Amino acid sequence: MRRSCRSGLVLTMKCPICHKEVKLDDPYMPFCSDRCRIIDLGNWASEKYVISTPVEKHPEQEEED
Ligand SMILES: [Zn+2]
């Protein structure tokens, strides 16, 4: 078994959004920052939105912004 001396006693995990290392005592855990936390919330919310809304695809409604 190999021991990573860089990790030492500081445990880290990876941010699910940007895969940056996050310390376990980080206030935004498991995210590296508030930004990634909001991105994840957004993903979750849009998923829920899709589930609770009938999918209607109109060809002319492609994002034209
Ligand atoms: Zn992140």
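Biologist: Why is M29 called partly exposed in this model?

Modeller: In this predicted model, M29 has 14 other C-beta atoms within 10 Å; a residue needs 20 or more to be buried and 12 or fewer to be exposed, so a count of 14 falls in between and M29 is partly exposed.

Biologist: Where does M29 lie, and which residues is M29 in contact with once its neighbours within four places in sequence are left aside?

Modeller: M29 lies in the loop between β2 and α1, and, with those sequence neighbours left aside, its contacts are V22 and L24. K14 is 15 residues from M29 in sequence, and their C-alpha atoms are 9.3 Å apart in space.

Biologist: What makes the peptide bond that joins M29 and P30 a cis bond?

Modeller: Its omega is about 0 degrees, and the bond is listed as cis; P30, like M29, is found in the loop between β2 and α1.

Biologist: Why does H19 count as exposed?

Modeller: H19 has 10 C-beta neighbours inside 10 Å, and since the cut-off for an exposed residue is 12 or fewer, H19 counts as exposed because 10 satisfies that limit. H19 lies in the loop between β1 (12-14) and β2, and its phi is positive, about 65 degrees, although H19 is not a glycine.

Biologist: Why is D40 counted as partly exposed?

Modeller: D40 has 15 C-beta neighbours inside 10 Å; the buried class begins at 20 and the exposed class ends at 12, so D40, with 15, is assigned to the class in between and counts as partly exposed.

Biologist: Which element holds D40, and which residues does D40 touch, not counting those up to four places away in sequence?

Modeller: D40 lies in helix α1, which covers residues 34-52, and, with that exclusion, D40 touches P16, I17 and F31. D40 and P16 are 24 residues apart in sequence, while their C-alpha atoms are 8.2 Å apart in space.

Biologist: What pattern does the protein chain follow along the sequence, and what percentage of its residues count as buried?

Modeller: The protein chain has one helix and two strands, in the pattern β-β-α when read along the sequence, and 6% of its 65 residues count as buried. Of the contacts with a separation of 6 or more, 3% come from residues 24 or more positions apart.

Biologist: How confident is the predictor in the protein chain, and where is confidence lowest and highest?

Modeller: The protein chain averages a pLDDT of 80, with 66% of the residues scoring at least 70; confidence is lowest in α1, at a mean of 82, and highest in strand β2 (residues 21-23), at 94.

Technical notes
Residues numbered from 1 in each chain as written. Predicted model: local features only at pLDDT ≥ 70, side-chain atom pairs only at ≥ 80, totals over all residues. Contact = placed C-beta atoms within 7 Å. pLDDT = per-residue confidence, 0-100.
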